[in-house]
Amino acid sequence: MLLIDISITTKVEDFIAHKGPKITYTKQPLQSEFFVKSHELLFEQGISDVEINVQDWNGVPCFFPTTEKCALPFDIFAASFYLLSRYEEYLPHVKDEHGRFPASESLAYQNRFLELPVVDIWVLKLKKALQERFPEIEFPKRTYQQTSIMDIASAFAYKKKGFIRTLGGTLIDLTSLKLGRVLDRYLVLLGFRKDPLDFFDRLTAFHKRHKVSAIFFFLMANYSTYDKNISVINPTFRSLVKSVADYSIVSLMASYNSFNDIAELKKERRRLIDFINRPVKRARQRFNRLNIPDTYRLLVDAGFNEDYTMGYTKEVGFRAGTCTPFYFYDISFEEQIPIKINSFCIQYTALYKYRSVRKAQEKIAEISQRVRAVNGEFNIVFSNEILNMHERSSWQDLYINYIKSNNEK
């Protein structure tokens, strides 16, 4: 995160002989060097129930405290590892109805620092302490980045659904007395109105106009209980995916059914590759289903090297404590695996609890400012199922205002 090269040694003579800036990460300092007292966490094998007492460090939560002799009041390396490795998700916990780790079970949620990118804040404090001790060090500058993540689980609301699904949807709307939806459905099917979810050309033009970095994750699954996109063999769908890929990054939303099925995951990835004729290396899990560490090993085995699932569906915040991409470390095998984790800090579903667009906008601005303060990456998730670019809506206003306000800063 500091963008500087380091070397690590366990030989005392090499350490003492080194004339440049140096840090000891041990139980006791060797000389008068920059010293961080080590917690036992990084020297253990496997998982144990670690006792954690969250404390305050000049207004920032921290844990694994050290002694007065140390350059820092806590073990920044062990604490960062605990959050980045998702150590707590290896421990016994009760999963939700989709097999997910609940935000309420997390240390960050329980100690009210979920909405802080604490690891990045700690690193900035470490940087300041190092600069004071070693003024000769030059740290490269990081820059703030923002990315719009678009979930496309259903490309169309009414079009290309087939006779049976169209009839079923009509009957459901009639029995629910949703006569407006019935009218809307057949106006779309007869070509008098554009499908409410098909506004990709307008969204692409908007992103281009405001220089927005965006990634579209398309669902390429067969129809099932939780995966209800139109048929992947439909020529209109294929044409849509290809046209979006001409102007934006397109990658895979892994289906609900591929969660534990590598053959299905590989098949969906191959479908998308055949559609866009380019590599597909990024993935997002349907409903943010994430089983640490199995999901990441499955993705690597299926040919992916980046994931965009690290975050919570119903809570705003930093699941891994950071807004900086990082490579995942699998504690069960004690090794780093080759997949880059790109965390998101807000998904639109987490904004439902705010009673007004203004309150939701204020929360987005607040989190964005915290990411900007540490020059991190602000990833926010939206979906074509809530953005209606044909008619003005509160969600459309929310998204447009977010893009414009971020561009003005």
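Helices in these legends are DSSP runs of H or I with at least four residues, numbered from the N terminus. Every view shows a predicted model.

**View 1. A salt bridge within helix α11 joins Lys 363 and Glu 366.** The closest approach of the two side chains, N to O, is 3.3 Å. Because Lys 363 and Glu 366 are three residues apart in α11, about one helical turn separates them. An α-helix has 3.6 residues a turn, so residues three or four places apart point the same way. Lys 363 is buried, at 11% relative accessible area, whereas Glu 366, at 31%, is partly exposed. Elsewhere, salt bridges with shared partners connect Arg 86, Glu 88, Glu 89 and Arg 319 in one network.

**View 2. Helix α4 and the elements that cover its buried residues.** The helix comprises residues 118-133, and its 16 residues reach 23 Å from the first C-alpha to the last, close to the 22 Å expected at 1.5 Å a residue. Its buried residues include Val 118, Ile 121, Trp 122, Leu 126 and Leu 130, and the elements covering the buried residues include strands β1, β2, β3 and β4 together with helix α2.

**View 3. Asp 120 of α4 in a salt bridge with Arg 142.** The N to O distance between the two side chains is 3.9 Å. This pair links distant parts of the chain, since Asp 120 lies in helix α4 and Arg 142 in the loop between α4 and β5, 22 residues apart. Asp 120 has a relative accessibility of 2% and therefore counts as buried, the limit being under 20%, while Arg 142 is partly exposed at 22%.

**View 4. Glu 315 and Lys 353 form a salt bridge between two loops.** The closest N and O atoms of Glu 315 and Lys 353 are 3.0 Å apart. Glu 315 belongs to the loop between β9 and β10, and Lys 353 to the loop between β12 and α11, so that the pair links distant parts of the chain, 38 residues apart. Lys 353 counts as partly exposed, with a relative accessibility of 42%.

**View 5. The open sheet of nine strands.** Its strands follow the order β10-β11-β9-β8-β7-β6-β5-β13-β12, and their pairing is mixed. The edge strands, each pairing on one side only, are β10 (326-330) and β12 (346-347). Within the sheet, strands β6 and β7 run parallel and are joined by five bridges, with Phe 216 standing opposite Val 250 in β7.

**View 6. The surroundings of Met 310 and Glu 88.** Met 310, in the loop between β9 and β10, counts as buried at 0% relative accessibility. Leaving out residues up to four places away in sequence, Met 310 touches several residues, among them Arg 86, Ile 292, Tyr 296, Ile 341 and Phe 344. Leu 290, which Met 310 also touches, is 20 residues away in sequence, with 7.8 Å between the C-alpha atoms. Glu 88, in the loop between α2 and α3, is likewise buried, at 7% relative accessibility, and its contacts beyond four places in sequence include Tyr 82, His 93 and Phe 101.

**View 7. Exposed loop residues Phe 43 and Arg 112.** Phe 43, in the loop between β2 and β3, is exposed with a relative accessible area of 57%, and together with Ile 23, Leu 42 and Phe 77 makes a nonpolar surface patch of about 340 Å². Arg 112, in the loop between α3 and α4, counts as exposed at 81% relative accessibility; the C-alpha atoms of Arg 112 and Pro 61 are 9.0 Å apart, although the two residues are separated by 51 residues along the chain.

Technical notes. Residues numbered from 1 in each chain as written. Predicted model: local features only at pLDDT ≥ 70, side-chain atom pairs only at ≥ 80, totals over all residues. Heavy atoms only, no water. Expected span 1.5 Å × (residues − 1). Buried < 20%, exposed > 50% of the residue type's maximum accessible area, 1.4 Å probe, protein only. Contact = heavy atoms within 4.5 Å. Patch = residues over 30% accessible without salt bridge, like charges linked within 9 Å, V, L, I, M, F, W, Y side chains within 5 Å. Areas by Shrake-Rupley, 256 points an atom, 1.4 Å probe, with all protein chains shown as cover. Salt bridge = Lys/Arg side-chain N within 4 Å of Asp/Glu carboxyl O. Pairing = 2+ DSSP bridges.
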